[in-house]
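Biologist: I am new to this one and would like to understand the words people use for it. Could you take me through them step by step?

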Amino acid sequence: YIQTILQSLMNFIIHQKPKLRKAAQKGLISMLREGIGINNCDFHPSCSLVTKHCKYVIEKGGVETSKLHILGFLKDCLGNFPAKNIKTLCEMILNLITLGNSVTKTTGFQCLNGLFKCKAGPQGLTSQLNGQLISALYDQQPSLVDSQLLMAWITVIESAHLSLQNLDSSLCLAHLPKLFTVCMNCLLAKKKIVTNLIADVMKNILKTCIPTSVSILKVAESDIPKKRKRNEKAEKSTEYSYLLAIFRTIENGLKYKYYSVWYLVLGVLETFYTIAGESCYKFMTKSLKSLNELNNTQNFPCTSELQSAFGAAVQSMGPRIVLEA
């Protein structure tokens, strides 16, 4: 009897009348988010049935709007399914993104973004699945000339890494070198609205994901009495290696091909100096020399951004290290 009622409710989540559709979606989402058991942390028993229904609607073909309604529904509750259901539904969504038009692709990215941002109700996303989804999303990267789709994609990629940071900071750090390589390439896009978003994403990722690694380096340094041995231990750590790789990628943005977005690259470097300059100054000195050379260039267009980056370096590394560089 309960399954019959549930089935009737699911049929309405793709109804052509907006009021009926939204009411049905709201009711079903509330049910899934309630959970059961102690502290409502167990998943609702209807999750598998809802998964099958969504998969059926998507795979049977037919009206494109029905698929969009399913994606709109899942955007608000995908994170409330168990991991096995999330994996099934995400495979379905990624397939839709691959084969769909620009509207379907954008809606698919928004749906996955909802998964990574989900906070209410039982949480089914695991760190392993999160990492797998990040890898799968790179296969869906749009062209640099498709601004709207690229912005939707970079937004979900950012959310995916922030989600992974909450689940497993070490695994997140391992994913960051590739993220920054891709972001630096995206800075070559022509539209300012895209490049500004890319720079903001990089700065936000640095502010959210890097401090954990910097703290680990500081602990590693403080555990050993002699300064030379402290530095050697820190430089051999996994965290140090990943931070070095990320910084080198950003530092490449000082090359001439990034001339039009130097003001953005300098802002990202400033953020990195502020967060990690104290512990990672050794691999940053080359960039300081590059900044000095740019500063001495006639008619350099980003003087204020460069001075701000220098100021952050002085504050985090100390005047002596910056002057010696």
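Modeller: Gladly. Let us begin with a word we need straight away: buried means under 20% relative accessible area. Keep in mind, too, that this is a predicted model. In helix α7, the residues called buried are Leu129, Asn130, Gly131, Leu133, Ile134, Leu137 and Tyr138.

Biologist: What do the buried residues of α7 pack against?

Modeller: They pack against four helices, namely α5 (83-99), α6 (102-117), α8 (147-167) and α9 (169-186).

Biologist: And how do you know that the length of α7 agrees with what a helix should span?

Modeller: Helix α7 covers residues 127-138, twelve residues, which at 1.5 Å a residue should span 16 Å. The C-alpha atoms at its ends are 17 Å apart, so the two values agree.

Biologist: Let us turn to α2. Why are its buried residues said to line one face of the helix?

Modeller: The buried residues of α2 are Arg21, Ala24, Gln25, Leu28, Ile29 and Leu32. Looking down the axis of α2, you find them within an arc of 130°, so they line one face. On the other side of α2, the exposed residues are Lys19, Lys22, Ala23, Lys26 and Glu34.

Biologist: Here is a single residue: why is Ser66 called buried?

Modeller: The cut-off for buried is under 20%. Ser66 has a relative accessible area of 15%, so it counts as buried. Ser66 belongs to helix α4 (residues 64-75). Setting aside neighbours within four places in sequence, Ser66 is in contact with Ile14 and Val57.

Biologist: Now the rings. What makes the aromatic pair of Tyr240 and Phe283 edge-to-face?

Modeller: Ring centres must lie within 6.5 Å to pair, and planes over 60 degrees apart count as edge-to-face. For Tyr240 and Phe283 the centres are 5.3 Å apart and the planes stand at 70°, so both conditions are met. This pair links distant parts of the chain: Tyr240 is in helix α12 (residues 238-251), while Phe283 is in the loop between α13 (262-280) and α14 (285-295). Both residues, Tyr240 and Phe283, are buried.

Biologist: Why is the pair of Phe247 and Tyr273 called tilted instead?

Modeller: Tilted is the word for planes that are neither under 30 degrees apart nor over 60. The planes of Phe247 and Tyr273 are at 45°, with the ring centres 6.1 Å apart, so the pair is tilted. Phe247 lies in helix α12 and Tyr273 in helix α13, 26 residues apart. Together with Phe272, these two pairs form one aromatic cluster: Tyr240, Phe247, Phe272, Tyr273 and Phe283.

Biologist: How do you know that Lys55 and Glu59 meet in a salt bridge?

Modeller: A salt bridge needs a side-chain nitrogen of Lys or Arg within 4 Å of a carboxyl oxygen of Asp or Glu. Between Lys55 and Glu59 the N to O distance is 2.9 Å, so the pair qualifies. The two residues are four apart in helix α3 (residues 47-59), about one helical turn.

Biologist: What makes Lys55 partly exposed, and what makes Glu59 exposed?

Modeller: Exposed means over 50%, and partly exposed lies between that and the buried cut-off of 20%. Lys55, at 31%, is therefore partly exposed, whereas Glu59, at 54%, is exposed.

Biologist: How many salt bridges does a search of the whole structure find?

Modeller: The search finds three. One of them joins Arg248 and Glu251, with the closest N and O atoms 2.9 Å apart. Here Arg248, at 31%, is partly exposed, but Glu251, at 7%, is buried.

How values were computed:
Residues are numbered from 1 along each chain as its sequence is written. This is a predicted model: local features need pLDDT of at least 70, side-chain atom pairs count only at pLDDT 80 or more; totals for chains, interfaces and linings use all residues. Side-chain values use heavy atoms; hydrogens and water are left out. Buried means under 20% relative accessible area, exposed over 50%, partly exposed in between (1.4 Å probe, protein chains only). The arc is that of the directions from the helix axis to the C-beta atoms. The expected span of a helix is 1.5 Å times one less than its number of residues. Contact means heavy atoms within 4.5 Å. Rings of Phe, Tyr and Trp (its six-membered ring) pair if their centres lie within 6.5 Å; planes under 30 degrees apart count as stacked, over 60 as edge-to-face and the rest as tilted.
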